[in-house]
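Reader: Please take me through one part of this model closely, namely a helix-to-helix packing, and place it in the setting of the chain around it. I would like the cut-offs stated as you go.

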Amino acid sequence: MDAVEESDAEMAVIEDNDAELSGAEDDEEQFGLHEDDHGDEDEDLEDNDEEDSISAERHKDHQRPMKPQLPQTDTGTTLFIRNIPFVATEDELRSLFRTFGALRYARITVDPETERSRGTGFACFWKKEVADKVIEQSEILRAETMGTQPPKNPFTLPSILTPDPSSGVARSLVLHGRTLDVVRAVSRDEAGKLKEEGEKRREKADKRNIYLLREGVILPNTPAASTIPPVELEKRTNSFNARRTMLRTNPSLYVSKTRLSVRQIPLFVTERALKRLALHAFRAFEDGVRNGERDGLTPEELVEDTKESDDTGDSSTKPKAGKRSQGSKSKGVKQAKIVRQQDRVDPVTGKGRSKGYGFIEMPRHADALRVLRWANNNSAVVPFLSAWWKEELADLMKLEKGKENPDEARLKRIKDELEGQVKAAKATLIVEFSIENVQVVQRRAIQHKEKPTVLTRVAKSKNQGEASQEPPSKKRRVVIDQTPPKPVEEEQAKAGQHIGAVIGRKRKERKSAKKGGK
C-alpha cells in the first residue's frame, strides 16, 4: 500500500510540473516570445533527409531509358496518303515507307461502321527531311501521270494513273499495282478551313449558282432568328428547303445572279414603288457601309461582278478608257415587276390586283447583293412604301382631274384612299435570288430579239416616209409569160390517151406473137 501511495504522489508531482510548464508556455505565447530549441535541429535533419531522397530518385530517373517525344502534326513529318488498295495491310504500308527513312508509324483509316479500309492513311517520319523527300517523289509521279494543268470541271476528282512499273519512280510509291498519292497532313482546324475554301471554290465554279441559295436565308439558332416570330421563321425555313429541292430535282433550273424575288409585298405597292425601293436600298446600303453600320461587299464578290461584266461583253458595264471605274454607283433598275391577278381589278389603279410578290432585276450582281442585304427582313421598308403610295395617289388624282371627263367615282376612291390610313404590313419582306428556268430564259431572249422595239418602229416609219418622198428607182424589166395556163381537163385527157396507146400497142404485140406461133 505504501508503494502505491508513493507512486501516486510522484504522478501528482509530475502533473503539477507539467501544468506549471504549460502555463509558462501560454504566458510566453501571449507575449510573442520565441526561443531556439532542439526542435529546429530535428526539422533541419528531416529536410536534409527529404532532399537526399529526391536527389536519389532523380538519379534513378536519369539512369532509366527516356521515352522519345513524339513529333506534332504541324512539324511537317506526318503525310496523308490516298489511293491505298483496299486489300493492303498496315504492315505492307509500313514496309513501303520504311525504305525512305526512319518511320514512326503507318496507319490505314478504317470506316467505323463497315470496319473496312477507306483507301486512305497516314505515315509519320521522325525527320522532316525524309517526309520532304517522299513529297517530292509524289509530285514527280503526279506530274508524269496527271499533268500539271488543273481539271476543267471542278466537281471531278483527279484520276491517278499507274505509271510504267519498270520505271524507278514508280517502284517507290506503288502498292499492289496502284500509285499512292501523298500530300502533307494538316491539323483538324486547317483541314476544316481547306474544306470550306474548296466548297466555296466549287460553288462559285458551278454555273447554276447554287451557293446564292443561302443568301438572305434566316435559319434557326441564328442572331436574326430572334428578331422575327416563330411563324415567320418557319415560313422562311420551309421556303429554303422547297427551293433547294426544286434545284436538286430539275437540272434546267438555276439561281439568277441579278434577278431578285420579293415576297410578302403589301397589296398597295406598285411597280413604281418597287423600283424606288431598289434604288433606295442601294443608296442606304452604301451609306451604312460609309458610316460603319454594316459590312460592305467582299473583294471576292466585287471581283466576281467584274468577271461577269467582262464575260457578257456589255459596253455599258465596262469602264471606258480615261475614266475611273464606278463600282459603287448604281446603273439603275432593269426591271421592277409586280405579279397581278387577271380576273380582279384594283379600282384605284385600274390594274390587276397584286398577288403580293414580284421581281427586281439589277444590271450587276453586286447591285443585287446590296439591295437584298438591305431590304431583306428590314422593318424600315414599310414606312417608305406607305409614303411613296401617298405620293402616287396624289399623282393619280391630278391625272384624273386633268381629263376632259373625269370619273367621279374613281376620284372619290382615290380621295378616300389618300385621306385614310394605309394598312400596316403583317411581316417584313422576303428577298431572295430568283430561280430561273434556262429554257424559258432562252425562249424569252429569242422573242425579245425577234420583236422590234418602239425605237426601231419609229425609225422604220421615218425611213419609209423619206423613201416615199424620193423618186422611184428604175427597175429591171422582167418578161412575163402571158400565155394562159392549160386547162386541167385537157391534161387529164392527154394522160388518158397516152395510157390507151400503150395498152393498144401491147395487144397488137400479143396478137402478132400468137399468129407467128401458129
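**A helix pair and its setting**

Author: The protein chain exposes about 37800 Å², of which carbon and sulfur atoms supply 52%; accessible areas here come from the Shrake-Rupley method with a 1.4 Å probe, and for residues only the protein chains shown count as cover. This is a predicted model, in which local features need pLDDT of at least 70 and side-chain atom pairs count only at pLDDT 80 or more, while totals for chains, interfaces and linings use all residues. Residues are numbered from 1 along each chain as its sequence is written, and side-chain values use heavy atoms, with hydrogens and water left out.

The protein chain has 518 residues, and 28% of them count as buried (buried means under 20% relative accessible area, exposed over 50%, and partly exposed in between, with a 1.4 Å probe and protein chains only). The chain holds 15 helices and ten strands, where helices (H or I, at least four residues) and strands (E, at least two) are DSSP runs numbered from the N terminus.

The part to look at closely is the packing of helix α8 (residues 271–290) against helix α10 (residues 365–375), whose axes are 8 Å apart and meet at an angle of about 85 degrees. That angle makes α8 roughly perpendicular to α10, since angles of 65 to 115 degrees count as roughly perpendicular, those under 35 as roughly parallel, those over 145 as roughly antiparallel and the rest as oblique. The axes are lines fitted to C-alpha atoms, for helices over the stretch in contact, and the angles run from 0 to 180 degrees between N-to-C directions. From α8 the contact draws on Leu277, Ala278, His280, Ala281, Phe282, Ala284, Phe285 and Glu286, and from α10 on Asp367, Arg370, Val371, Arg373 and Trp374, contact meaning heavy atoms within 4.5 Å. By class, eight of these residues are nonpolar, one is polar and four are charged; Ala, Val, Leu, Ile, Met, Phe, Trp, Tyr, Cys and Pro count as nonpolar, Asp, Glu, Lys and Arg as charged, and the others, Gly among them, as polar.

Leading into α8, Gln264 lies in the loop between β7 (253–263) and α8, and its phi is near 60 degrees, a positive value in a residue other than glycine. Apart from residues up to four places away in sequence, Gln264 touches Glu232, Lys235, Gly356, Ala427, Thr428, Leu429 and Ile430. Of these, Ile430 is 166 residues from Gln264 in sequence, yet the two C-alpha atoms are 6.4 Å apart. Across the whole chain, 73% of the contacts with a separation of 6 or more come from residues 24 or more positions apart.

Two residues elsewhere give a contrast in accessibility. Leu180, in the loop between β5 (178–179) and β6 (181–184), is buried, with a relative accessible area of 1%, whereas Asn221, in the loop between α6 (188–205) and α7 (230–249), counts as exposed at 82%. Asn221 also has a positive phi, near 65 degrees, in a residue other than glycine.

Finally, a word on confidence: pLDDT, the predictor's confidence in each residue on a scale from 0 to 100, has a mean of 74 over the chain, with 64% of residues at 70 or more. Among the elements, helix α1 (residues 2–31) has the lowest mean, 44, and strand β10 (residues 430–437) the highest, 94. Over residues 1–43 the pLDDT is below 50, and beyond near neighbours in sequence this stretch has one contact in the model; residues 472–483 are also below 50, with zero such contacts. Where pLDDT is low, the predicted coordinates should not be read in detail.
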